[in-house]
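Visitor: Hey, got a minute to walk me through this one?
Guide: Sure, pull it up and ask away.

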Amino acid sequence: MIHKEKTLVIIKPDGVQRTLIGEIIRRYERVGLKLIGLKMIVPTLEQAKAHYLVNPDFPKNVGNKTKKAYEAEGKEFPFPSVEEFGLGILHKNAQYFSSGPVVVMAWQGLGAVGLVRKITGGTEPINSDVGTIRGDFTLDSYAMADTSERSIRNLVHASGSIEEADKELALWFTKEELLNYRLIADEILYDVNLDGILE
Ligand code: GDP
Ligand code: MG
């Protein structure tokens with residue numbers, strides 16, 4: 001069905017440390033998405049690496065993206081190659097991800113993958129739009145993260161595509177952990193027939 005798209009969101013260790021769990025969940029909940037899976041865990045380094053390698057091109061893609069961001073600011077990309085840089089990010093991401101408790105969530109609804117990305121905001125918080133989670137609650141930049149040789153801290157992970165979401169959901173949840181249930185609110189969001197409301 002059209003409103004059954006599912007996506008993965010993880011509140012990263014900085015989101016938990018900033019005590020933003022409730023605020024972040026509220027943002028996805030209030031738009032009309034349905035929470036269908038939820039757990040708090042401390043990921044292992046291996047789990048964290050597997051998460052980023054769900055897309056084997058991650059190191060190359062992240063390197064290219066960062067190179068463009070440097071160039072857009074008129075700066076030279078300060079690393080030997082995009083691949084090498086990307087592998088470094090992968091390693092730092094895995095360390096960051098496994099450094100403390102995270103909140104793993106599955107959300108479902110119409111266009112859930114794109115909607116969650118919109119609410120989450122762009123990767124680099126200093127440039128994320130106002131009104132998004134990354135834009136409203138933190139201020140990290142690629143340059144600041146790279147200078148201190150760490151992963152950019154942007155509070156949440158959100159799947160980037162339907163394909164990525166399917167693979168990531170399978171990595172973090174068993175089938176049984178993803179709940180299939182009806183919300184009363186679904187009726188006003190998805191059912192066009194409002195007959196029977198007037199008494
Ligand atoms: P996202 O889907 O918006 O989270 O971005 P990506 O999938 O491209 O990158 C995954 C994560 O890697 C980001 O959320 C950041 O934590 C980190 N990251 C990505 N690009 C960079 C970078 O250029 N520098 C640093 N330090 N971290 C990065
Ligand atoms: Mg991504």
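Guide: We can go through the ligand, a surface patch and a few single residues.

Visitor: Before that, what sort of model is this?
Guide: It's a predicted model, where local features need pLDDT of at least 70, side-chain atom pairs count only at pLDDT 80 or more, and totals for chains, interfaces and linings use all residues. Residues are numbered from 1 along each chain as its sequence is written, chains are lettered from A and ligands numbered from 1 in the order in which they are written, and side-chain values use heavy atoms, with hydrogens and water left out.

Visitor: Okay, which residues come nearest to ligand 1?
Guide: K65, T66, R117, T123 and N154, out of 19 residues around ligand 1 (around here means having a heavy atom within 4 Å).

Visitor: What does K65 do there, distance-wise?
Guide: One of the polar side-chain atoms of K65 sits 2.6 Å from an oxygen atom of ligand 1. That's a polar contact, a pair of N or O atoms within 3.5 Å. For R134, an N or O atom of the side chain is 3.0 Å from a ligand 1 oxygen, and I152 uses a backbone N or O atom, 2.8 Å from an oxygen of ligand 1.

Visitor: And how much of ligand 1 does the protein bury?
Guide: The protein buries 93% of the 550 Å² that ligand 1 exposes when taken alone. Areas are Shrake-Rupley with a 1.4 Å probe, and for residues only the protein chains shown count as cover.

Visitor: Switching topic: which residues form the nonpolar patch on the surface?
Guide: I188, L189, L194 and I197, with about 410 Å² of accessible area together. Patch members have over 30% relative accessible area and no salt bridge (a side-chain nitrogen of Lys or Arg within 4 Å of a carboxyl oxygen of Asp or Glu), and nonpolar side chains are joined within 5 Å.

Visitor: Where's I197?
Guide: In the segment after α10 (184–190); helices are DSSP runs of H or I, at least four residues, and strands are runs of E, at least two, numbered from the N terminus.

Visitor: Why does I197 count as exposed?
Guide: Because its relative accessibility is 59%, and exposed means over 50%, buried under 20%, partly exposed in between.

Visitor: What about phi at T19?
Guide: Near 55°, which is positive in a residue other than glycine. T19 is in the loop between α1 (13–17) and α2 (21–30), and is exposed at 68%.

Visitor: And where is E149?
Guide: In the loop between α8 (142–147) and β4 (156–158). Its phi is near 50°, again positive in a non-glycine residue.

How values were computed
Patch = residues over 30% accessible without salt bridge, like charges linked within 9 Å, V, L, I, M, F, W, Y side chains within 5 Å. Buried < 20%, exposed > 50% of the residue type's maximum accessible area, 1.4 Å probe, protein only. Polar contact = N/O pair within 3.5 Å; in protein donor to acceptor, adjacent residues only side chain to side chain.
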